[in-house]
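Trainee: Could you take me through one part of this model closely? I would like the nonpolar core, and then how the rest of the chain is arranged around that topic.

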Amino acid sequence: MRVIYSFGVFFYGLLIRLASLWNAKAKLWLIGRKDVLSRIENDLKNNDSNIVWIHSASLGEFEQGRPLIESLKQKYPELKIFLTFFSPSGYEIRKDYPLADYIYYLPEDTVSNARQFVKLVTPQIAVFIKYEYWYNYMNELNNAEIPQIFISGIFRPKQPFFKFYGGWFLNHLKNVEHFFVQNEDSVQLLKKSGIDSVSKSGDTRFDRVAEITAKVEANAIVEEFKNDRKLFLGGSTWSPDEQIIKGLHVQQPGLKIIIAPHLIDENHIQQIEELFPNSIRYSKAKDASLKEIPVLIIDNMGMLSSLYQYANFAMIGGGFGVGIHNTLEAATFGMPIFIGPNYQKFQEAKDLLRLGVVNVVHDAAELNQAVSVLLDDVEKWNTIALQSKQYVESNIGATQMILEFIENQL
């Protein structure tokens with residue numbers, strides 16, 4: 001199985017190298033890994049402090065790990081945080097994150113890379129966030145007797161570990177010091193597979209979004225744009241989401257709409273402008289008269305989570321593709337949330353759906369019908385908003401549980 005896995009890693013790298021000829025993201029993935037082990041060696045040559053290695057796939061997983069990083073740095077300022085990313089979507093946005101002492105792309109998961117990486121970094125503990133299973137790294141950590149933990153994990157029977165051919169994958173999981181998982185189903189699935197070092201901690205994102213709510217700052221541009229009207233916010237949207245919101249805009253012209261797309265390249269922004277010809281980009285809004293403009297397009301990264309403070313309704317993108325983005329950033333401010341049908345991998349979406357906070361919509365007509373009802377029934381809107389806030393508040397605390405475990409390893 002190791003041969004097949006290594007071939008898969010090699011083949012993926014080959015595809016990325018080919019794609020880098022025309023794809024900007026693939027090019028960043030490749031360039032960011034050039035000489036990365038040499039850079040790590042040079043940067044660490046004078047370090048004599050203990051290191052905690054935290055690895056996240058992309059920006060969303062980073063946000064899950066962020067409360068833990070901040071708690072560690074607050075309590076142990078001398079500790080060095082070594083942060084790695086798999087995807088340019090995370091690295092390029094957070095490569096200057098001030099609370100991490102070292103930030104790199106994770107070198108490709110080959111035996112030699114993993115061996116050299118672990119030898120150079122020699123962390124006190126390695127923390128993997130959610131789905132990041134890199135078997136050569138896990139193996140080298142185990143050989144070096146360095147504890148590794150997984151946080152905000154979630155497991156399902158369909159994953160390879162639990163299939164008839166999954167023994168090789170599952171054996172690597174058995175070397176993990178501890179799993180902090182999001183739900184009881186994951187606990188029982190791991191225990192049934194012979195892994196008892198597991199705790200239901202919940203998702204660290206609850207701690208993160210609660211922190212955002214506590215520290216959120218006002219935005220004068222958005223306040224002027226909203227102008228005491230009801231506001232519908234499309235967060236991390238893709239084209240299918242934007243098409244549906246367009247339908248809502250036609251049926252509900254009184255609603256103010258913000259589109260914060262997942263991709264902000266010029267081509268996609270222009271597509272949104274064609275869909276909403278009466279819109280304005282955020283980057284051009286400062287000197288404009290915003291009160292009569294119905295649609296604001298967010299053409300920068302990093303401000304979405306704070307925009308939800310102004311929303312009365314939110315639609316979270318990705319539900320018509322590989323899966324929805326972060327519903328909790330909206331839920332923490334209290335509002336009805338709409339998503340597409342692909343949400344099954346996300347525990348918080350299932351919970352919020354059960355509570356009636358989340359509605360699954362398939363087209364513009366369904367979205368318009370649901371929003372219309374809530375615009376006319378203020379009491380129902382208030383009930384949903386309260387349930388939304390209470391759900392987040394009742395699930396805070398995962399970070400403290402994980403922090404206490406890590407403290408015993410330092």
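Mentor: Start with the term. A nonpolar core is a set of buried Ala, Val, Leu, Ile, Met, Phe, Trp, Tyr and Cys residues joined through side-chain atoms within 4.5 Å. Buried means under 20% relative accessible area. Keep in mind that this is a predicted model.

The largest such core has 65 residues. Those with the most contacts inside it are Phe232, Ile258, Leu296, Tyr308, Ile337, Phe338 and Leu367. Helix H18, residues 378-393, gives the largest share of this core, with five residues. Apart from it lies another core, of 46 residues. Ala26, Tyr104, Leu141 and Trp168 are among its members. In soluble globular proteins, nonpolar side chains tend to be buried together.

Now look at Phe232. Set aside its neighbours within four places in sequence. Phe232 then contacts Ile245, Leu248, Leu255, Lys256, Ile257 and Ile258, among others. Its list also includes Phe313, Ala314 and Met315. Phe338, Leu367 and Val371 touch Phe232 too. Two of these partners, Phe338 and Leu367, are also named among the core residues with the most contacts.

Helix H18 turns up again in the packing of helix H10. H10 spans residues 205-215. Its buried residues are Arg205, Phe206, Asp207, Arg208, Val209, Glu211 and Ile212. They pack against H18, helix H4 (59-75) and helix H19 (398-407). Helix H14 (304-307), helix H15 (328-331) and helix H16 (347-355) are further partners of H10.

Follow H19 next. Glu407 is found in this helix. Glu407 and Leu72 are 335 residues apart in sequence, yet 8.9 Å apart in space, C-alpha to C-alpha. Beyond residues up to four places away in sequence, Glu407 touches Lys75 and Tyr76.

Step back to the whole chain. Its secondary structure comes to 19 helices and 14 strands. Buried residues make up 55% of the 410 residues. Take contacts between residues at least 6 apart in sequence: 66% of them join residues at least 24 apart. A compact globule with 410 residues would have a radius of gyration near 22 Å, and the chain agrees, with 22 Å. Its C-alpha atoms fill a box of roughly 60 × 45 × 45 Å along the principal axes.

The outside deserves a word as well. The chain exposes about 18500 Å², and carbon and sulfur atoms supply 51% of it. There are 41 positive and 47 negative side chains. The centres of the two sets lie 3 Å apart.

Finally, check some local details around strand E5. Most residues other than glycine have a negative phi. Glu145 is not a glycine, but has a positive phi of about 55 degrees. Glu145 sits in the loop between helix H7 (135-143) and strand E5 (148-153). Its relative accessibility is 72%, so Glu145 counts as exposed. Ser152 also has a positive phi of about 55 degrees and is not a glycine. Ser152 lies in E5 itself. With a relative accessible area of 0%, Ser152 is buried.

The loop after E5 leads on to helix H8 (167-173), and Gln159 is placed there. Gln159 counts as buried because its relative accessibility is 9%. Leaving out residues up to four places away in sequence, Gln159 touches Tyr131 and Ile154.

Terms used: Residues are numbered from 1 along each chain as its sequence is written. This is a predicted model: local features need pLDDT of at least 70, side-chain atom pairs count only at pLDDT 80 or more; totals for chains, interfaces and linings use all residues. Side-chain values use heavy atoms; hydrogens and water are left out. Helices (H or I, at least four residues) and strands (E, at least two) are DSSP runs, numbered from the N terminus. The radius of gyration is taken over C-alpha atoms; the globule rule is 2.2 Å times the number of residues to the power 0.38. Buried means under 20% relative accessible area, exposed over 50%, partly exposed in between (1.4 Å probe, protein chains only). Contact means heavy atoms within 4.5 Å. Accessible areas come from the Shrake-Rupley method with a 1.4 Å probe; for residues, only the protein chains shown count as cover. Lys and Arg count as positive and Asp and Glu as negative; His and the chain ends are not counted. The place of a charge is taken as NZ of Lys, CZ of Arg, CG of Asp or CD of Glu.
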